[in-house]
Amino acid sequence: MAAREPGEEEEVKLIKTWSSPYALRAVWALKLKGIPYESIDEDLTHKSDILLHHNPVHKKVPVLLHHGRSICESLVIIEYIEETWSHNPPRLLPEDPLQRAETRFWAKFVDDKALPSIWQAFSKEGKEQEQGLSETAEHFRLLEAELKKKKKRLFFGGEEIGIVDIALGWVVNLVPLFERILGVKFLDEERHPALLEWRQRMSDVDVVKESWPPRDKLVAKWTAIRERCGLRVIWALKLKGIPYDSIDEDLANKSDLLLQYNPVHKKVPVLIHNGKPVCESLVILEYIDEAWSQNPPRLLPRDPVQRASARFWAKFADEKVRYLVLLT
């Protein structure tokens, strides 16, 4: 890159979405370093030419544009910011090579382990959700142990926020939100005192506090994602013209009725037909189609090969498409 003339302003732009926890990492790094930038908000349902041009491989946010050159992937962006503006405090990675390697390890751990497991716990149903909950508990146990090794340090990065703190920053707002929506507890005082203290310190950092989207928007987004499972059942019942009573459930205070009819997963939706419960949204759809087969339309084709294909794509939507929606 050609040297700039004294006083020449740097051109820094960030392509992001308002709700992406990955994009927030880049926002925090830029603001912590005091780097002015232009924000370009992206709609991932109608991807812009600028996004497709600057990130043709993944077509995702965030993308940092610096003098017209693009840097993609949030952790890569943070390291680029640290190296390009190394004179701007705070240091986001330590100077010592061994400590830098350890820092990269834990930042990668967050991306490869902690984030996927909590997405699975939030977005899946049944055994897959239970697996996600179990893996999330183990990942938070490991993070708690690592943070305790720091002893008197305030953050994973030491006295100041570093790349691991930024990578794990979604714990500040999304974990309490997921706990509320799912009616589970990911972090508690007995098992995670250090993580809870760290979360409070992170939430008090100005650039973190001011950058989070409004809570009501976050609640609406994530609640809508979870409720899509229930909406599937509503759509199927209405398409088939089947009258039903709707029982709204507060998963933060699960009712005796829910615990009685879904004692295994304790989740919604649950269809109760003649006093017998049917659980799991895709299972319910097939039950509706079979129990009311005389009611048009058919939700699955008659041909076994076509039925298998329909089940494949329904499972694909659950395992792939819904996961991608979570990241936007």
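This section describes the fold, an annotated domain and selected backbone features of a predicted model.

The protein chain comprises 13 helices and six strands. Along the principal axes, its C-alpha atoms occupy a box of roughly 80 × 50 × 35 Å. Of the 328 residues, 46% count as buried. The chain exposes about 17,500 Å², of which carbon and sulfur atoms supply 54%. Among contacts with a separation of 6 or more, 64% are made by residues 24 or more positions apart. The protein chain carries 49 positive and 51 negative charges, and the mean positions of these two sets lie 4 Å apart.

An unreviewed UniProt entry lists "domain: GST N-terminal" for residues 10-89 and 217-296. In the model, residues 10-89 are 36% helix and 21% strand, and the C-alpha atoms at the two ends of this segment are 18 Å apart.

Helix α3, which spans residues 74-84, contains I81. This residue has a relative accessibility of 0% and therefore counts as buried, the cut-off being under 20%. Beyond its neighbours within four places in sequence, I81 is in contact with A26, A29, L30, K33, I35 and L64. I81 and I163 are separated by 82 residues in sequence, while their C-alpha atoms are 11 Å apart in space.

Several backbone features were also examined. Most residues other than glycine have a negative phi, and most peptide bonds are trans. H67, although not a glycine, has a positive phi of about 55°. This histidine lies in the loop that connects β3 (63-66) with β4 (69-72). H67 counts as partly exposed because its relative accessibility is 26%, a value between the limits of 20% and 50%. A positive phi, of about 80°, is also assigned to E280, again not a glycine. E280 is located in the loop between β6 (276-279) and α12.

Two cis peptide bonds are described here. One joins V268 to P269, with omega near 5°; P269 is situated in the loop between α11 (256-261) and β5 (270-273). Another joins P296 and P297, with omega of about 0°. P297 belongs to the loop between α12 (281-291) and α13 (304-326). P296 is also the residue at which the second listed range of the UniProt domain, 217-296, ends.

Conventions:
Residues numbered from 1 in each chain as written. Predicted model: local features only at pLDDT ≥ 70, side-chain atom pairs only at ≥ 80, totals over all residues. Heavy atoms only, no water. UniProt positions renumbered as here; feature names shortened; annotations may be inferred. Helix = DSSP H or I, 4+ residues; strand = E, 2+ residues; numbered from the N terminus. Buried < 20%, exposed > 50% of the residue type's maximum accessible area, 1.4 Å probe, protein only. Contact = heavy atoms within 4.5 Å. Areas by Shrake-Rupley, 256 points an atom, 1.4 Å probe, with all protein chains shown as cover. Lys, Arg positive; Asp, Glu negative; His and termini not counted. Charge placed at Lys NZ, Arg CZ, Asp CG, Glu CD.
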